Amino acid sequence: MEYQFIRDPIAGFRVKMSAEHELVGRWLNDELAHDALPVLLARLKEIKATRDEFCLEGREVRLIVSHQEALFEAHDLYHEQTDALSAFSDDALALEEHGLSAGCGFEDFEALLLDWQDFIRRRR
């Protein structure tokens, strides 16, 4: 998983992710509050010990974490096509599912969060 952290003078701390992990970056940029990061890292430690899983429902993205992987799913993935697109049915529009889900291994996800936490602490 490739990523780059940026401190934007207007938007604050941001992460750029590789194309296949753009949803992970969107979640990190828009869904995860900086003060929630230590709590999430503590939950990851619990998962290592118990092998449980948990789900975080965000405004636009759902995160499901197990001891093996982190799965990100945009809520749009479950949006009924008839709701939003029915008005445009004559135009043959369809919901593009590319970029609406992404996943990574548990260790990669934990490393990303630890790097993110370190970046934020060093740049404040």
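How much accessible surface does the protein have, and what share of that surface belongs to carbon and sulfur atoms? The accessible surface comes to about 8000 Å², and 46% of it belongs to carbon and sulfur atoms. Accessible areas here come from the Shrake-Rupley method with a 1.4 Å probe, and for residues only the protein chains shown count as cover.

Hello everyone, and a quick word on the ground rules. This is a predicted model, in which local features need pLDDT of at least 70 and side-chain atom pairs count only at pLDDT 80 or more, while totals for chains, interfaces and linings use all residues. Residues are numbered from 1 along each chain as its sequence is written, and side-chain values use heavy atoms, with hydrogens and water left out.

Let's start with the overall plan. The protein has four helices and six strands. Both are DSSP runs numbered from the N terminus: helices are H or I with at least four residues, strands are E with at least two. Walking from the N terminus, you meet the elements in the order β-β-α-α-β-β-β-α-β-α.

Of the 124 residues, 32% count as buried. Buried means under 20% relative accessible area, exposed means over 50%, and partly exposed is in between, with a 1.4 Å probe and protein chains only. As for contacts, meaning heavy atoms within 4.5 Å, take those between residues at least 6 apart in sequence: 54% of them join residues at least 24 apart.

Now please look at helix H1, residues 22-30. Its buried residues are Leu 23, Val 24, Gly 25, Trp 27, Leu 28 and Asn 29. What do they pack against? Their partners are strand S2 (12-17), H2, strand S4 (61-65), strand S5 (69-74), strand S6 (101-105) and H4.

In the loop between S2 and H1 sits His 21. His 21 counts as buried because its relative accessible area is 6%. Setting aside neighbours within four places in sequence, His 21 is in contact with Met 1, Ala 102, Gly 103 and Cys 104.

Next comes helix H2, residues 37-50, where we find Arg 43. With a relative accessible area of 32%, Arg 43 is partly exposed. Beyond its neighbours within four places in sequence, Arg 43 is in contact with Phe 54 and Leu 56. Arg 43 and Phe 54 are eleven residues apart in sequence, and their C-alpha atoms are 8.7 Å apart.

Over in helix H4, residues 106-123, we have Gln 117. Gln 117 is buried, at 14% relative accessible area. Not counting residues up to four places away in sequence, Gln 117 touches Leu 37, Pro 38 and Leu 41.

On to charges. Side chains of opposite charge can pair when their charged atoms come close. How many salt bridges does the structure hold? There are six, where a salt bridge is a side-chain nitrogen of Lys or Arg within 4 Å of a carboxyl oxygen of Asp or Glu.

One of them joins Glu 110 and Lys 48, with the closest N and O atoms 3.0 Å apart. Glu 110 is in helix H4 and Lys 48 in helix H2, so this pair ties together parts 62 residues apart in sequence. Is each partner buried or exposed? Glu 110 counts as buried, at 12%, whereas Lys 48 is partly exposed, at 47%.

Asp 118 and Arg 122 also form a salt bridge, at 3.1 Å from N to O. Both lie in helix H4, four residues apart, about one turn of the helix. Asp 118 is partly exposed at 39%, and Arg 122 is exposed at 52%.

Arg 62 pairs with Glu 57, the closest N and O atoms being 2.6 Å apart. Arg 62 is buried, with a relative accessible area of 19%. Together with Glu 73, these two are linked in a network of salt bridges.

My last stop is on the surface, where Glu 46, Asp 52, Glu 53 and Glu 69 gather in a patch of negative charge. Patches are made of residues with over 30% relative accessible area and no salt bridge, with like charges joined within 9 Å and nonpolar side chains (Val, Leu, Ile, Met, Phe, Trp, Tyr) within 5 Å. Lys and Arg count as positive, Asp and Glu as negative, and His and the chain ends are not counted. Each charge is placed at NZ of Lys, CZ of Arg, CG of Asp or CD of Glu. Within the patch, Asp 52 belongs to the loop between H2 and strand S3 (54-57), and at 47% relative accessibility Asp 52 is partly exposed.

Thanks for listening!
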